[in-house]
Amino acid sequence: MVKNTGLILALDTKDPAQAEQWAKIADATGQMIKIGMEFTYACGFDAVARLAQGRKIFLDLKLHDIPNTVASAIASLASVKPAMLTIHALGGKDMIAAARKSVDANFLSGQKPILLAVTVLTSMNQENLNSIGISVTPLEQVLLLGKMALAAGADGLVCSPQEVAYLREHLGEDVVLVVPGIRMQDAVADDQQRVMTPAQARQAGASWVVVGRPITKAVDPEAMAKHIVQELQG
Ligand SMILES: O=c1ccn([C@@H]2O[C@H](COP(=O)(O)O)[C@@H](O)[C@H]2O)c(=O)[nH]1
């Protein structure tokens, strides 16, 4: 049976008023919001905390540094109480294990964020991988990093929708798979390379899809969010 897939709305803006307006769309459709580097660096953590009030947030800062630095950074994020948090799988198993330890030590039980490891960015294709010295396919690289990250303590993975069915086959039904790289049929992909539609991502087995521009740049963002929620419910 195909499970339902949740929608996470990416609030990629430097404007707190704009972010709040989009967050209200997520509230109205009962969805989670994603706050990333753009908003956090432009507006600061007080603004992140204000947006997070009464909401579930996915804090997508893609931490990637030496283990001690990542662990300390995660401790500093505890006050924001994110529901999900990202680190880069490319930081390796020691960094991921340190992130796991820090989540367990610094968040109250019941308030621990889902620790997600970003595998291969959805903006990368085979040529991009080759250019950084990786000769396997995106599919193989995502599985390799995914297995390593889960063994080191991550709760789930960020990958493209194109890898989801393969990961489900190899990693099982329970792993949390959060999936950006979502575009409507025949829409422009922007800087995304490995894309699928919301319905295809659901069919493949995504736990959550992350959608930004297809909603925020739509003529009617709320109507588009509702449409995507419907697609995700089959
Ligand atoms: O591999 C990744 C990891 C994160 N993202 C983030 O998702 C959204 C996608 O936005 P769109 O406008 O729908 O393309 C964005 O915030 C990225 O930072 C990703 O795209 N790929």
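# A walk around the barrel

Start by selecting Val158, which is found in strand S6. Keep in mind as you go that this is a predicted model. Is Val158 buried or exposed? Val158 counts as buried because 31 other C-beta atoms lie within 10 Å, where 20 or more are enough. Now show its contacts: leaving out residues up to four places away in sequence, Val158 touches Thr86, Leu116, Val118, Thr119, Val178 and Pro180. For a sense of scale, draw a distance from the C-alpha atom of Val158 to that of Asp94: the two are 64 residues apart along the chain and separated by 19 Å.

**The barrel**

Next, switch to a cartoon view and colour the strands. Eight of them form a closed barrel in the order S1-S2-S3-S4-S5-S6-S7-S8, with parallel pairing. On average, neighbouring strands of this sheet are turned by 25 degrees against each other, direction ignored.

Let us go round it, beginning with S1. Select residues 6-10 for strand S1. Four of these five residues are buried, so S1 is largely enclosed by the rest of the structure. On one side, S1 pairs with S8 in the parallel sense over four bridges; pick Ile8 and you will find its bridge partner Val210 in S8. S1 also pairs with strand S2, residues 32-36, in the parallel sense over three bridges. There, the bridge partner of Leu9 is Ile33 in S2.

Stay on Ile33 and look across to S3, where Ile57 stands opposite. S2 and S3 run parallel and are joined by four bridges. Five of the seven residues of S3 are buried, so this strand too is largely enclosed by the rest of the structure. From S3, step to S4: the two pair in the parallel sense over three bridges, and Leu59 stands opposite Leu85 in S4.

Leu85 is a handy stepping stone, since it also stands opposite Leu115 in S5. Five bridges join S4 to S5, and these strands run parallel. S5 is mostly covered, with four of its five residues buried. To return towards Val158, follow S5 (residues 114-118) to S6 (residues 156-158), which pair in the parallel sense over three bridges. Here Ala117 stands opposite Leu157 in S6.

**Helices on the outside of the tour**

Now select helix H5, residues 93-106. H5 packs on the sheet, touching strands S3, S4 and S5, and its direction makes about 165 degrees with that of S5. Within this region, pick Ala99. Apart from neighbours within four places in sequence, Ala99 is in contact with Leu63, Val70, Ala71, Ile74, Ile87 and Leu115.

Ala99 is a good way into the largest nonpolar core, which has 65 residues. Which of them touch the most other members? They are Leu9, Ala99, Leu116, Val179 and Val209. In soluble globular proteins, nonpolar side chains tend to be buried together.

Move on to helix H8, residues 161-171. Pro161, Gln162, Glu163, Val164 and Leu167 are buried there. Turn on the surroundings and you will see that what covers them includes H7, strand S7 and helix H9. Just after H8, click on Gly172 to check its backbone: it takes a positive phi of about 95 degrees.

**A stop in a loop**

Go to Asp155, placed in the loop between helix H7 (138-152) and S6. Asp155 has 18 C-beta neighbours inside 10 Å and therefore counts as partly exposed. Its contacts, not counting residues up to four places away in sequence, are Ile114, Leu115, Leu116 and Val176. You can also draw the C-alpha distance from Asp155 to Leu177: 9.3 Å, for residues that are 22 apart along the chain.

**Last stop: the ligand**

Finally, centre on the ligand and display what surrounds it. How many residues make up this shell? There are 17, and the closest are Ala10, Thr122, Pro180, Gly212 and Arg213. Colour the shell by residue type and it divides into nine nonpolar, five polar and three charged residues. Strand S8 (208-211) and helix H10 (213-216) each supply at least two residues of this shell. Two of the residues met here tie back to earlier stops: Pro180 is among the contacts of Val158, and S8 is the strand that pairs with S1.

How values were computed. Residues are numbered from 1 along each chain as its sequence is written. This is a predicted model: local features need pLDDT of at least 70, side-chain atom pairs count only at pLDDT 80 or more; totals for chains, interfaces and linings use all residues. A residue is near a molecule or strand if its C-beta atom, placed from the backbone, lies within 6 Å of it. Ala, Val, Leu, Ile, Met, Phe, Trp, Tyr, Cys and Pro count as nonpolar, Asp, Glu, Lys and Arg as charged, and the others, Gly among them, as polar. A nonpolar core is a set of buried Ala, Val, Leu, Ile, Met, Phe, Trp, Tyr and Cys residues joined through C-beta atoms within 7 Å. A residue is buried if 20 or more other C-beta atoms lie within 10 Å of its own, exposed if 12 or fewer, and partly exposed in between; C-beta atoms are placed from the backbone. Two residues are in contact if their C-beta atoms, placed from the backbone, lie within 7 Å. Two strands pair if DSSP finds at least two bridges between them. Axes are lines fitted to C-alpha atoms, for helices over the stretch in contact, and angles run from 0 to 180 degrees between N-to-C directions.
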